[in-house]
Every structure is written in structure tokens, then in C-alpha cells.
Amino acid sequence: MQTLRTPDESFDHVPDFPYAPRYCEVPDGEGGLLRVAWVQDGPEGADPVLMLHGEPSWSFLYRKMIPVLAGAGHRVICPDLVGFGRSDKPARREDHSYARHVEWMRAVAFDVLDLRNVTLVGQDWGGLIGLRLAAEHPDRFARLVVANTGLPTGEQPMPDVWWRFREAITTAPTLRVGAFVQGGCRQPMSDDVRAGYDAPFPADEYCAGPRAMPGLVPTSPDDPAAAANKAAWATLSGSPTPMLVAFSDSDPITGPMGAIFRREMRGAQGIEHPLIRGAGHFLQEDAGEELAGHIVEFLRH
């Protein structure tokens, strides 16, 4: 597998993100290795909070939340998905598959870090990947937080706005990731923050991951990932693992999933679920401190 690695200097001016990256290598599925990056903060011996970002962001998305959770005594771990952030970037869209992304994160979380008693925080693709891990490795997880995400089985129609996003990000001659993130927010971002989201992608050849991911979302029941996601949904819906459903009030893409999680998931019953107001799809950017506060409260029980 041919890969690219964003030069370190591309990250020199990323604002408000003082965390030194850590690195490991995981099998790429073709006999080679991929370098995967993560940042972490908080006490080494504390139970881990594994926060997974989505498309087309990176762990920078969690910069407002890491200090709140670490300050409350939790060990916070934020990996960069393969193809994003400081992680290696397979050069071809075809190198990306849903199954591979699940396996790559499984290898980091369990083979390398040996995480146990995990609280998952998943937004966007972070939920699509993280919920698969939670369903397939239930002994590793103590709590689940779903935030503007889903677990699509291909049986539900995707909203028109998502199809427009998929078309735009897969066909744009030049991909401006920071502009896409801003488009999914309700609050304005500074130029420096927008540049922070652009940092992993100094040229278009680094963008195979962001361009590939929308096409990996199951949109029909015969999608390669549909059966595994349907099995994961069945497992999770009957699981007693506590689940906090923390959606925003202004996400046209995943917003309707909040009510479905609250209704269908056994672990979500009897929990007071917050609605984050004035926040868009990227609620970590719009209201990260508020979301982190709800998670800290959830972890107290």
C-alpha cells in the first residue's frame, strides 16, 4: 500500500493544541505497516475515554474537550483515523474500506494500548467505527457516548444534504477541509482554526481518506458493511452498557438518529440525555466544553 505522511512542520501553527503526538504501527492489511498517531492527557492509571473523530476532521476537533475530561481525572485518548491528522494516509481511495477502518482502530485500541473499561465518545465516523468496536468487543467497554453519529445498515434513506456533501467532497477539484468543517458548524471559526483543520492535507494527494469516506457509508442493504452493522445494531440494542445520547439541535445529517438511539438502545434507558443547543454537526467545535461537561457528569454515575 502506497502511503503519504504529512510533514511535521504542517502542524507547527495549529492553535490551542499543545499535545505531543504519540505513534504506533498497525498492519495495513496488505503486508505492510501504517503509522497511527494519537494524543492523550490525564492520569495514566485512570480508566480511558476513547474519543474518535470523523470525516473530514482529526483529533484537533477534541481540543476544547480534552482539558475538561482530563481535569476531571480521566485518561483521554484521541487517535487520528488512518488517512487523517498525523496518521499515515493511504494514497488511493480504494485503499479505504469500512472494515479496514474498524480493524485499524481495533489494533490501536486493543493490540497496542490494551484499553479496558473504555468509555467511547464517537461523533460522525467516530461513531460508525467505535460502535462496531463496542458491539464486537463488549468486554472492553464500560460506557458509550454517541454524539451526532449513527450506525447505518443501508435500510434507511440518507438525507438530501448528506448526498450533496458526498458529491461535493468527492468531486471538488481542490479539497478545503477547513471550509467543509466550518460548513458543519453554527459558530464562526477563526482563520487559524480553519487552517488547523487544513493542516493534515498540504496538497490534494493527501486527501484520499476524506474523499473516500462518504462512499463507505452503507446506503443499501447489499453494501459490504451492511450485514456487520446490522449485527452490531442488534447487539448494542440489547446491551446493558450505559449509553449517553448527546446530540446537537442543528445537525441536518445525523440529527434524527438521536431519538432512535434514545428509544432503541437498552443502555440509553433511564438516562437524562442532553440536547446541545446552538451547535451544528461538529458539536465538539461549536460547544465542546458543554459536551465534555455532560460526559463528565455521565461518568460520575
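**Pockets, strands and a few odd spots**

Colleague: Which helix gives the most to the lining of the second largest pocket?

Modeller: Helix H10, residues 283–299, with three residues. Keep in mind that we're looking at a predicted model.

Colleague: Okay. What's the volume of the second largest pocket?

Modeller: About 240 Å³.

Colleague: And which residues line the second largest pocket?

Modeller: Going along the chain, you meet Arg143, Pro242, Leu244, Ile271, Glu272, His273, Pro274, His294, Glu297, Phe298 and His301. Sorted by class, the lining has five nonpolar, three polar and three charged residues.

Colleague: Let's do the largest pocket too. What's its volume?

Modeller: The largest pocket comes to about 790 Å³. It is lined by 34 residues, and those closest to its centre are Met158, Pro159, Trp162, Ile253 and Thr254.

Colleague: Which elements give two or more residues to the lining of the largest pocket?

Modeller: Five helices: H3, H4 (160–171), H5 (177–183), H8 (226–237) and H9 (257–264). The largest share is from H4, which supplies three residues. By class, the lining of the largest pocket has 21 nonpolar, nine polar and four charged residues.

Colleague: Back to Arg143 for a second. Which residue stands opposite Arg143?

Modeller: Thr119 does, with Arg143 sitting in strand E8. E8 covers residues 141–147, and six bridges join it to strand E7, residues 118–123, with the two strands running parallel.

Colleague: What else does E8 pair with?

Modeller: Strand E9, residues 243–245, over three bridges, in the parallel sense. There, Val146 has Val245 as its bridge partner.

Colleague: How many residues of E8 are buried?

Modeller: Six of its seven, so you can call the strand mostly covered, taking buried as under 20% relative accessible area.

Colleague: And what do E7, H3 and E8 make together?

Modeller: A right-handed β-α-β unit, with H3 covering residues 125–136.

Colleague: How many residues of H3 are buried?

Modeller: Eleven of its twelve. Among them are Trp125, Leu128, Ile129 and even Arg132.

Colleague: How does the span of H3 work out at 1.5 Å a residue?

Modeller: Its twelve residues should span 16 Å, and the end C-alpha atoms are 17 Å apart, so the two agree.

Colleague: New topic: backbone oddities. Which peptide bond is cis?

Modeller: The one from Glu55 to Pro56, with omega near -5°. You'll find Pro56 in the loop between strand E4 (48–52) and helix H1 (66–71). As a rule, most peptide bonds are trans, and most residues other than glycine have a negative phi.

Colleague: So what about phi at Asp114?

Modeller: Asp114 isn't a glycine, but has a positive phi of about 50°. It's in the loop between helix H2 (98–112) and E7. Asn148 also has a positive phi of about 50°, again without being a glycine, and its place is the loop between E8 and H4.

Colleague: Is Asn148 buried or exposed?

Modeller: Buried, because its relative accessibility is 0%. Asp114 has a relative accessible area of 38%, so it counts as partly exposed.

Colleague: Last one: where's Tyr23?

Modeller: In strand E2, residues 22–27. Tyr23 is partly exposed, at 31% relative accessibility. Its C-alpha atom is separated by 4.6 Å from that of Ala37, although the two residues are 14 apart along the chain.

Methods. Residues numbered from 1 in each chain as written. Predicted model: local features only at pLDDT ≥ 70, side-chain atom pairs only at ≥ 80, totals over all residues. Heavy atoms only, no water. Buried < 20%, exposed > 50% of the residue type's maximum accessible area, 1.4 Å probe, protein only. Helix = DSSP H or I, 4+ residues; strand = E, 2+ residues; numbered from the N terminus. Pairing = 2+ DSSP bridges. Right-handed = clockwise from strand over helix to strand, strands pointing away. Expected span 1.5 Å × (residues − 1). 1 Å grid on protein atoms, 1.4 Å probe; cavity = no way out; pocket = protein on both sides within 12 Å on 5 of 7 lines; lining within 4 Å. Points joined across faces, edges and corners; volume = space filled by probe spheres on them. Nonpolar A, V, L, I, M, F, W, Y, C, P; charged D, E, K, R; others polar.
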